[in-house]
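Here is a small set of exercises to work through with the model open in your viewer. Try each task yourself before you read its solution.

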Amino acid sequence: MCTRPSACRRVPTPTVGSLPVMRMETGVCVLHLFCTPTKSVERSAVWAAIEAAQAADCQVITAAILGHKGDLAVMALGRDVAALRHLQTDLQRAGLKIADSYVSITEVSEYAPGLPEQMLQDRLYPQLPPEGKPAFCFYPMSKRREAHANWYATPFDERKEMMHEHGTSGRNFAGKIVQLVTGSTGLDDFEWGVTLFGVNLEVIKDVVYTLRFDKGSAVYGEFGSFYVGYLAHVDEII
C-alpha cells in the first residue's frame, strides 16, 4: 500500500477527445511490416491505408520482398505512434496478412558525439527512400552478452574504437549504400534494426560481408532474419 498519496497519484494520459496521444518526443518511431496478400486483398484499400498514414505525417516506403518470408514490406516512420498502429490495422483489414514485423525508433549513437547538427537531424528524422538506391534490405541485430564476449562488460573506449572501425568500413561504400540504424532495446526481440538502401543487391551483399570482419561484428554481433527485395509501388507487388 502506498503511504505517500502525492507519490502514488496517477498522472493522466494526454488525450485528443477520447483517444490517447502517443507521440515521440525525439526522433520517430519506425514500423516494419512484412506481409503476404490473402485471397480477399483489395489493392485500393491497401493504397488507401498508406495514403491515410501519409496524411497523418508518416513516411511510408514499400518494397517487393524476394523469397518465402513475404511479398510486401511496408516501412513506416512517424512521430505519431497511433498513426502507425492504424496503418497496421488498416492493412490487415485490406486483406494483407502480416507475417513478421519489427518496431524501433531513430536514435543518435552514443559512440558518435559532436556530430554536426544536420547529421543529427538526418539520423533522427531521415527522409526516405534515397534517390537511385532501389535495393532494399532489413535485418535486426544485437550485441552478445556471453562470458567470452560480453559487449556490455567491455570498457567504453574499446567499444568506441570498434564502432569507429565499423564506421570506417562502411564509408568505403559511400554513394552506393544508405543505412538507417534504429534502436529497439526494450521494444522488440533484438537491440537494433538495420535498414539498407543500395544501388543493387550485389552491393548490399558486399557491405554486409565486409562489415562482418570488423571485431564489433565478428566477436560481438548477433543477427536475425534478413528481408531483401527492391522498392516498388503496391500495385506492382500484389
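A reminder before you start: this is a predicted model.

**Exercise 1. The side chain of Gln 59**

Task: Find which backbone atoms the side chain of Gln 59 reaches, and decide whether Gln 59 is buried or exposed.

Solution.
- Step 1: Locate the residue. Gln 59 belongs to strand E4, which covers residues 59–65.
- Step 2: Look for polar partners. A polar atom of the Gln 59 side chain lies 2.6 Å from the backbone oxygen of Pro 126. The side chain of Gln 59 also reaches the backbone nitrogen of Leu 128, at 2.8 Å.
- Step 3: Widen the view to contacts. Setting aside neighbours within four places in sequence, Gln 59 touches Met 75, Ala 76, Leu 77, Pro 126, Gln 127 and Leu 128.
- Step 4: Classify it. The relative accessibility of Gln 59 is 19%, and the cut-off for buried is under 20%, so Gln 59 counts as buried.

While you are at Leu 128, check its peptide bond to Pro 129: the bond is cis, with omega near -5°. Pro 129 sits in the loop between H4 and strand E7 (135–143).

**Exercise 2. Strand E4 and its partners**

Task: Work out how many residues of E4 are buried and which strands are joined to E4 by bridges.

Solution.
- Step 1: Count burial. Seven of the seven residues of E4 are buried, so the strand is largely enclosed by the rest of the structure.
- Step 2: Split the strand by face. Gln 59, Ile 61, Ala 63 and Ile 65 lie on one side, while Val 60, Thr 62 and Ala 64 lie on the other, and both faces are covered.
- Step 3: Take the pairing with E5. Six bridges join E4 to strand E5 (residues 72–78), and the two run antiparallel. Within this pairing, Ile 61 stands opposite Met 75.
- Step 4: Follow the turn. The hairpin of E4 and E5 has six residues between the strands, and Gly 67 there takes a positive phi near 95°.
- Step 5: Take the pairing with E13. Three bridges join E4 to strand E13 (residues 227–231), again antiparallel. Here Ile 65 is opposite Gly 229.

**Exercise 3. Just before E4**

Task: Find the phi value of Asp 57 and say whether Asp 57 is buried or exposed.

Solution.
- Step 1: Place the residue. Asp 57 is in the loop between helix H2 (43–55) and E4.
- Step 2: Read the torsion. Phi is near 70° for Asp 57, a positive value in a residue other than glycine.
- Step 3: Check accessibility. Asp 57 has 65% relative accessibility, so Asp 57 counts as exposed.

**Exercise 4. Cysteines**

Task: How many disulfides does the structure hold?

Solution.
- Step 1: Recall the chemistry. A disulfide is a covalent bond between the sulfur atoms of two cysteines.
- Step 2: Give the count. The structure holds zero disulfides.
- Step 3: Test Cys 29. Its nearest cysteine sulfur is that of Cys 58, 9.2 Å away, whereas a disulfide needs the sulfur atoms within 2.5 Å.
- Step 4: Test Cys 58. Cys 58 is in no disulfide, and its nearest cysteine sulfur is that of Cys 29.
- Step 5: Add burial. Cys 29 counts as buried at 8% relative accessibility, and Cys 58 counts as buried at 6%.

**Exercise 5. Aromatic pairs**

Task: Determine how the rings of Phe 34 and Tyr 227 are arranged, then do so for Tyr 111 and Phe 156.

Solution.
- Step 1: Start from the total. The whole structure has 10 aromatic pairs.
- Step 2: Assess Phe 34 and Tyr 227. Their ring centres are 3.9 Å apart and their planes are at 15°, so this pair is stacked. The pair links strand E3 (residues 29–37) with strand E13, 193 residues apart.
- Step 3: Check burial. Phe 34 is buried, at 2% relative accessible area, and Tyr 227 is buried too, at 6%.
- Step 4: Assess Tyr 111 and Phe 156. This pair is stacked, with 5.4 Å centre to centre and 20° between the planes. Tyr 111 is buried at 14%, whereas Phe 156 is partly exposed at 33%.
- Step 5: Look around Tyr 227. Phe 34, Tyr 102, Phe 138 and Tyr 227 form one aromatic cluster. Lys 69 lies over the face of Tyr 227, 5.5 Å from the ring centre.

Definitions and conventions. Residues numbered from 1 in each chain as written. Predicted model: local features only at pLDDT ≥ 70, side-chain atom pairs only at ≥ 80, totals over all residues. Heavy atoms only, no water. Helix = DSSP H or I, 4+ residues; strand = E, 2+ residues; numbered from the N terminus. Buried < 20%, exposed > 50% of the residue type's maximum accessible area, 1.4 Å probe, protein only. Polar contact = N/O pair within 3.5 Å; in protein donor to acceptor, adjacent residues only side chain to side chain. Contact = heavy atoms within 4.5 Å. Pairing = 2+ DSSP bridges. Phe/Tyr/Trp six-rings, centres within 6.5 Å; stacked < 30°, edge-to-face > 60°. Lys NZ or Arg CZ within 6 Å of the ring centre and 35° of its normal.
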